Structures are given as C-alpha cells and as structure tokens.
Amino acid sequence: MPILNINGKSVHIQELNKGAAETIILIHGMFSNLSVYYFNIAPLLATQFHVVLYDLKSHGMSEKVLEGYDLESMTDDLLHLMEALELKKVHLGGYSFGGLIALKMAIRFPERIHKLAVIEAPDPNDDKTRGIIDEYSREFLEHYVENFTDTTKVKMGKRQMERNHRMYEYLFYQTSIKADMELEKGFFGSAAITTIEQPTLLLYGTDSNCLNAGKQLEGLIDQASLIAVPGDHNIPIQEPLVIAEALFHFFKETSN
C-alpha cells in the first residue's frame with residue numbers, strides 16, 4: 001500500500017511494470033478510487049507500459065482534504081505526483097471527473113503529455129450530466145463490491161463496505177467538491193479546449209447521458225476520435241476488457 005507525500009498530503013498510489021520505457025497514468029472518477037482500473041484494465045496495459053494509478057484526494061486511501069477540487073488544483077496535484085515519481089512525459093487517461101482532469105492537464109501542461117484518453121468525461125455545464133456523477137457514484141460502490149468479489153474470490157467484509165460508504169458521505173456532504181464543480185461550468189465552452197494537440201481517444205457509452213459531451217469534444221479537439229462502447233456511464237466497470245483493449249491499442253499504436 002504505497003503512500004507518498006505529495007504537496008504536503010498523503011497520496012495512495014499503485015505502480016505496475018516500473019521498468020517499461022513509457023508510462024501511462026490513469027485517473028479515476030469522482031467518488032470512486034483506483035480500483036476501477038486496478039483489477040482488469042491496468043494489468044493488460046502493464047504488459048507493455050509502466051502504469052501508475054493513484055487515489056484522488058479524499059478518495060480511496062489518500063488523505064482527506066476539505067477543499068481544492070477545481071480542475072486547476074487537481075492538475076496541480078497530478079503535476080506534483082509526476083515530479084515526485086520523476087516522470088517527465090506520460091500518456092494520460094481519465095474516467096468521468098478524471099477525464100476532465102486529463103483534459104485540463106493537456107491544456108495546462110501539454111509538454112508533459114504524449115497521448116490522451118478520455119472516458120465518459122461529462123460537460124460540466126450540463127446539469128443532467130453533472131447530476132449523474134452522484135447517481136453513478138452510488139452505483140460504483142455496488143459494482144466495486146461485486147467486482148472485488150468476482151476478481152479476488154474473497155467476499156468484501158462489512159468493515160470495508162462501511163469504509164467505502166463513509167468516504168462517499170464525507171466527499172458529498174463535507175467537502176467543496178460539488179461547489180468546485182460549479183466553477184467549471186464553462187470548461188467545454190472555453191477556447192482552451194481547442195488548443196489540445198495530442199492524439200485523443202474518446203470512449204463513451206452508447207446509452208450514456210454523457211455521449212453528447214463526447215461528440216462535442218470530438219468536434220473541438222483536432223486529433224480526437226470517438227468510440228462508442230456498449231453500456232452507460234459505468235463502461236469501465238461494465239466492459240473493462242473492451243476499455244482495456246481500446247486503451248492498449250491506442251497507446252501502443254501512437255507511441256513515440
């Protein structure tokens with residue numbers, strides 16, 4: 001359970017295949033944790049790449065923090081993590097809120113990002129897609145328990161389940177996370193999105209309320225391509241192997 005001190009805060013990370021020449025950092029979504037990648041997606045990517053997973057602040061086993069969930073602060077956190085791990089340039093993937101962080105990272109620090117993969121990033125200006133973050137965060141907890149059991153053949157204990165629910169309650173009701181998301185409502189409408197030059201893979205569910213956001217991004221980013229995957233906002237949990245293979249081929253075929 002590696003815990004690093006990043007920018008004065010404890011951050012839980014996991015690394016696979018440290019000896020690989022190229023690195024992929026994967027960012028999970030709001031109210032979830034790095035396990036969304038750890039069981040099925042990261043191992044496939046790690047057959048060729050160094051894969052770094054980390055729990056966002058107040059998520060998983062990272063330190064609880066009351067404020068600083070705007071995209072500027074979240075990308076500052078990621079930059080400090082890269083510096084701590086001595087990673088000069090990486091491939092970057094993000095799911096849901098993590099996809100927004102990935103987009104912001106490519107805008108703010110383009111020299112640090114090779115290729116970009118965005119999974120189900122919502123338009124922060126769309127009340128409906130913003131609302132599903134809460135809806136699917138609750139669903140994530142249920143899927144996480146099922147996925148953990150299926151993968152490890154060990155039933156998650158009551159204490160672990162209660163810990164996951166406490167994390168959700170803390171984030172939703174005590175931190176500035178929802179208010180900070182309100183500050184990002186104009187993100188997709190900003191000219192900054194159109195400055196993204198990296199080859200960008202967009203993965204969205206065919207039945208997702210966020211699919212239109214993916215189509216919007218495809219029109220805004222020059223080198224973006226959209227793939228629709230059967231499922232809704234939770235496609236990394238519903239179709240992990242499809243997501244893993246899409247990411248693997250994208251990063252492998254476009255590697256420098």
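This passage describes the fold content, charged contacts and aromatic contacts of a predicted protein model.

The protein contains 10 helices and eight strands. Of its 256 residues, 56% are buried. Among contacts with a sequence separation of 6 or more, 75% are between residues 24 or more positions apart. The exposed area of the protein is about 11,100 Å², of which carbon and sulfur atoms supply 49%.

Five salt bridges were found in a search of the whole structure. One of them joins Lys 18 and Glu 15, with 3.7 Å between the closest N and O atoms. The two partners differ in burial class: Lys 18 has a relative accessible area of 61% and is therefore exposed, whereas the value for Glu 15 is 26%, so that this residue is partly exposed.

A further salt bridge is formed by the side chains of Lys 57 and Asp 77, at an N to O distance of 2.9 Å. This pair links distant parts of the chain, with the two positions 20 residues apart in numbering: Lys 57 belongs to the loop between strand 4 (50-54) and helix 3 (71-84), and Asp 77 belongs to helix 3. Lys 57 counts as buried because its relative accessibility is 15%, which falls under the 20% limit. Lys 57 also lies over the face of Tyr 69, at 5.6 Å from the ring centre. Lys 57 thus takes part in a salt bridge with Asp 77 and in a charge-over-ring arrangement with Tyr 69. A second arrangement of this kind involves Lys 64, whose charged end sits over the ring of Tyr 170 at 4.7 Å from the centre.

Arg 108, in helix 4, has contacts of several kinds. The side chain of Arg 108 meets that of Glu 72 in a salt bridge with an N to O distance of 3.5 Å. Here too the pair links distant parts of the chain, as Arg 108 lies in helix 4 (residues 97-108) and Glu 72 in helix 3, 36 residues apart. Both partners are partly exposed, with relative accessibilities of 26% for Arg 108 and 37% for Glu 72. The backbone oxygen of Glu 72 is also placed 3.0 Å from a polar atom of the Arg 108 side chain. Glu 72 therefore faces Arg 108 with its side chain, in the salt bridge, and with its backbone oxygen, in the polar contact.

The side chain of Arg 108 makes a polar contact with the side chain of Asp 76 as well, at 2.9 Å. Glu 72, Asp 76 and Arg 108 are linked in a network of salt bridges. When residues up to four places away in sequence are left out, Arg 108 touches Glu 72, Thr 75 and Asp 76. The C-alpha atom of Arg 108 is separated by 9.9 Å from that of Thr 195, a residue 87 positions away along the chain.

The search of the whole structure also gave five aromatic pairs. In one of them, Phe 187 and Phe 188 are tilted, with a centre to centre distance of 6.1 Å and an angle of 50° between the planes. Phe 187 and Phe 188 are both buried. Another pair consists of Phe 250 and Phe 251, whose ring centres are 5.2 Å apart; the planes of these two rings meet at 55°, so this pair is tilted as well. Phe 250 and Phe 251 are likewise both buried. One aromatic cluster is formed by Phe 49, Phe 248, Phe 250 and Phe 251; the tilted pair of Phe 250 and Phe 251 is thus contained in this cluster.

Polar contacts were also examined at Asp 232, which is located in the loop between strand 8 (224-229) and helix 9 (235-238). The relative accessibility of Asp 232 is 17%, so this residue counts as buried. A polar atom of the Asp 232 side chain lies 3.0 Å from the backbone nitrogen of Asn 234. The same side chain, that of Asp 232, is in polar contact with the side chain of Gln 238 at 2.7 Å. The side chain of Asp 232 is thus paired with a backbone atom of Asn 234 and with the side chain of Gln 238.

Definitions and conventions:
Residues are numbered from 1 along each chain as its sequence is written. This is a predicted model: local features need pLDDT of at least 70, side-chain atom pairs count only at pLDDT 80 or more; totals for chains, interfaces and linings use all residues. Side-chain values use heavy atoms; hydrogens and water are left out. Helices (H or I, at least four residues) and strands (E, at least two) are DSSP runs, numbered from the N terminus. Buried means under 20% relative accessible area, exposed over 50%, partly exposed in between (1.4 Å probe, protein chains only). Contact means heavy atoms within 4.5 Å. Accessible areas come from the Shrake-Rupley method with a 1.4 Å probe; for residues, only the protein chains shown count as cover. A polar contact is a pair of N or O atoms within 3.5 Å; within protein, one must be able to donate a hydrogen and the other to accept it, and residues adjacent in sequence count only if both atoms are side-chain atoms. A salt bridge is a side-chain nitrogen of Lys or Arg within 4 Å of a carboxyl oxygen of Asp or Glu. Rings of Phe, Tyr and Trp (its six-membered ring) pair if their centres lie within 6.5 Å; planes under 30 degrees apart count as stacked, over 60 as edge-to-face and the rest as tilted. A charge sits over a ring if NZ of Lys or CZ of Arg is within 6 Å of the ring centre and within 35 degrees of the ring normal.
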